[in-house]
Amino acid sequence: MTEEQRRLEENKSKSVPLVHWGPYLSERQWGTVREDYSENGDAWHYFPFDQAHCRAYRWGEDGLAGISDYFQNLCFSIALWNGHDPILKERLFGLANFEGNHGEDVKELYYHLDNLPTHYYMQYLYKYPQQAFPYEQLRIENSKRSKLEPEYEILDTGVFNNDEYFDVLITYAKQDAEDIFIRIDITNRFNQAAPITILPTLLFYNRWQYSPDLAKPSITLLDKNTVITDHYRMGKYCFYFSGADDMLFTENETNTQIVLNKPKASVFTKDAFHQAIINKKNIPALRNKKSGTKFSPVFNLTVDAGETKTIYLRLSNAVIKNPFEAGFEEIFDKRKREADEFYNDILPSGLDACLSNIHRQAFAGLLWSKQFYHFDVERWLTTSDGITPPSESKANGRNADWKHLKNQDIISMPDKWEYPWYAAWDLAFHTISLAVVDPTFAKHQLTLIMREWYMKPDGQLPAYEWNFSDVNPPVQAWAALQVYYIEQKQTGKNDIEFLKKVFQKLLINFTWWINRKDVNGNNIFEGGFLGLDNIGVFNRSYYQRGTAQLEQADGTSWMGMYALNMMDIAIEIALHDSAFEDTATKFFEHFVFIAEALNVHSLWNDEDKFFYDVLTVAGAEPQPLRIRSIVGLTPLFAVSNIFSFELDNLDDFKKRITWFENYRIKNNKFWPNEERSGDAEILLSLVKKDRLIHLLEYLLDENEFLSEGGIRALSKYHLEHPYSVTLDNVEHSIQYDPGDSTSNMFGGNSNWRGPVWMPINYLIIQSIRKYGKFYGDSLMVDCPTGSGNKMNLEKVADELTRRVISLFIEDKDGKRKLNDTYNWFYQKPENKNLLLFFEYFHGDTGRGLGASHQTGWTALVAELISEYGGKL
């Protein structure tokens, strides 16, 4: 057992398996729904980036490379100034949704280099231009571009062309759970000396502005190298530093003069350090103030060409006479060795340095993406933020029916800048990768989203804060099984109690789906966009009511998968607790009814040999929407194996399914695909073998779905064959768009009309592998289609895995597909090992697109490497 594994074992005994300090600080709090108190729900305009430095937040804090305690009472982050910028670099800059030609987008270079599940060792790299940061250039150039053009990124501005920048490397190493050493290394990559100002910053989350009954916390000067913090809930901490050129105090409170055009009562506002460092205002006042709620020691450095200068800090709950005693630096080396031991232990044997680096940075990004999320919807709807009074339109507007939702937890975020809010189906994918490094936290995240302060009383799970009522694919049962099996494989432990917890809550959610999304009671399910944004020819959430109804192939398939997953969970539990045996039967029967609906009704098109959504308009024949997309491939995901030893130990289940099969066959009713491998195994799936083969022909066709980087979300067939449909006298069209979105649907910052998406590829690979384990060499297909290269389905899964991982791998010239036109920057020696984990990837070139730090679900590449990397 490594030292990190020992710490994780100790963590299991806690009621909430969290360490007190971690990377829980968001990278963007402005522009979020929870900070929006406008009457019209315009979050981006209501709290813009330009006010983030001078306006106190209501529901959390943000910062650069920061940490906080798990209630985000006290936060630490860094601020920088290059001598040119109009504001301190306190937080990452990016475009609001309306500013970008493809929606919101961070415009910075930063990298999550390393992290441990207990956060005893963490590294974060930020690249800071020595020229003025191109804020306006980025805004103006992106505003000029159409949706048919790529985004204008910071590497396009020229500020990094001559290596005229600093590498700012922040490393955290814990002495113990409440004692954290911090090292800031500033390296000048330019060929001339350059100045930089560093402000390591402590601040308290401003809860007192809305809860005046709470004691206001404080940060107080103790001596020239120490301040002490005092908070009614967390007690006292000491912040140690040495060699500072100045020490500044202020309050984490709004500058009303800038925000409200009202005279401010004090110079001690949130932006006071900006005024002092940049405009040289109020320096004596900030210097002479000996207490506040925001504090920074100031380091003014000049760094020679190629030189690295280092600042050491320490945050501890102990008063220490000599906080930087001789040899203290060894703690960084020690924790680094422990991180190496931990990851070496979980890595598959035989991996080369390139795959090992991808694997480790994927987990680093995933662990850095933990965030404190605070949102009380009822309070948000009914109170003021001190700027805008409560309004009837807001009280009855967005999320008005989610008043029970009261979140104050650490949650794995999709991307702490672009998506600094949880999304139910994203989170399910996160837990699979998390299970590899910290199964206890992974299980905690799955059970958390189902708790009563998240799940609606009727059983609906919250989608995301922009609209908690949106409907995402029900993948939680599948994810729970994946987490269970990963932990079982790693430890030999069968955590039946965990399965029971999620099963009981998912029973409620499954019932919600049955009652709410099967309008006609015929087991054909709807759901709207189902997390796939612009996958449809029109907004699929719109045609769910009135005279038009959309019967969804994917909605129905997801429910078939859900039923099988619930059956599998029930069987696993029933092998230990017979009280669950009859629920296995219940979900088996649900699966049969859903399989009948999918295959017998009009969702399968026998001419095209593909599944389609079907639009039913009053007075007209049902119209299949003949779009070849992953909507028609989701039936592949519903596949399960029942083994003979399970049936031998579940007599009632065996008798019931046997009777049910005989009854339906005798009465000429549909029976789903059921194949037997002798007496050892039964394969259950939504797709019969002949239809499976047809779908695989599409899936593995390089002119359809198969790309060099994985499976496209929309077939390339639609490049030359766009699809159109006219509804309500409006023509809607869809075509193959392999890159950024060319539509405004769902904000326009994500595109499902051609790119490669990691979660869907992971599901496809896992499903095909399951078919392959059953069929073996009895089912061989061309891969690619028409190549004559015959493979069994396990080999096909390996090939798809290879293609997905290839997005991240250097070629012989040191280029990676995902970097595309920016390979010139990433081929530099200091940058060659830096990786970004994009939201999705270009369907032809593999270029990374969308959110750039979506680890998040793109961290699934680490799980693919964990499972199959040794074969590559």
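The following paragraphs lead through the interior, the open and enclosed spaces, and the unusual backbone geometry of this structure. The model is a predicted one.

The packing of the interior comes first. The largest nonpolar core holds 263 residues, and within this core F653 and W752 touch the most other members. Among the contributors to this core, helix α15, which spans residues 553-574, gives the most, with 14 residues. Another core lies apart from it; this one has 13 residues, including L248, I277, I278 and I283.

A single buried position shows the interior at the level of one residue. S640 belongs to strand β25, which runs over residues 639-643. Because its relative accessible area is 1%, S640 counts as buried. Its side chain is nevertheless engaged in a polar contact, at 2.7 Å, with the side chain of D568. Once neighbours within four places in sequence are left aside, the residues in contact with S640 are L564, M567 and D568, then I682, L683 and L684, and also K770.

From the packed interior the description turns to empty space. Rolling a probe the size of a water molecule over the atoms shows where such space is left. The largest pocket has a volume of about 1400 Å³. Its lining comprises 47 residues, and those nearest its centre are Q482, Y485, I486, K489 and E863. Helix α13 (residues 476-491) supplies the largest share of this lining, namely eight residues. By class, the lining of the largest pocket consists of 20 nonpolar, 16 charged and eleven polar residues.

The second largest pocket has a volume of about 750 Å³. It is lined by 27 residues, with S15, P17, H444, T447 and K501 closest to its centre. At least two lining residues come from each of strand β19 (406-412), helix α12 (439-448) and helix α14 (496-516). The lining of this second largest pocket divides into eleven nonpolar, eleven charged and five polar residues.

Enclosed spaces are also present. The structure has eleven cavities of 30 Å³ or more, and the largest cavity contains about 350 Å³ of space. Of the 25 residues lining the largest cavity, E153, Y822, L836, F838 and S852 lie nearest its centre. The elements giving two or more residues to this lining are β5 (105-106), β6 (110-115) and β35 (848-849). The lining of the largest cavity is made up of 13 nonpolar, seven charged and five polar residues.

The backbone itself remains to be considered. Most residues other than glycine have a negative phi, and most peptide bonds are trans. Two peptide bonds may be set against that background. The bond from C783 to P784 is cis, with omega near -5°, and P784 is placed in the loop between β32 (780-782) and β33 (790-792). The bond from T855 to G856 is likewise cis, with omega near 10°; G856 lies in the loop that separates β35 from α24 (860-868).

Positive phi values complete the account. N261, a residue other than glycine, has a positive phi, near 60°, and its place is the loop between α4 (256-259) and α5 (272-279). With a relative accessible area of 68%, N261 is exposed. K280, found in the loop between α5 and α6 (283-288), has a positive phi near 60°. K280 is exposed because its relative accessible area, at 56%, is over 50%.

How values were computed. Residues numbered from 1 in each chain as written. Predicted model: local features only at pLDDT ≥ 70, side-chain atom pairs only at ≥ 80, totals over all residues. Heavy atoms only, no water. Helix = DSSP H or I, 4+ residues; strand = E, 2+ residues; numbered from the N terminus. Buried < 20%, exposed > 50% of the residue type's maximum accessible area, 1.4 Å probe, protein only. Polar contact = N/O pair within 3.5 Å; in protein donor to acceptor, adjacent residues only side chain to side chain. Contact = heavy atoms within 4.5 Å. Core = buried A, V, L, I, M, F, W, Y, C linked by side-chain atoms within 4.5 Å. 1 Å grid on protein atoms, 1.4 Å probe; cavity = no way out; pocket = protein on both sides within 12 Å on 5 of 7 lines; lining within 4 Å. Points joined across faces, edges and corners; volume = space filled by probe spheres on them. Nonpolar A, V, L, I, M, F, W, Y, C, P; charged D, E, K, R; others polar.
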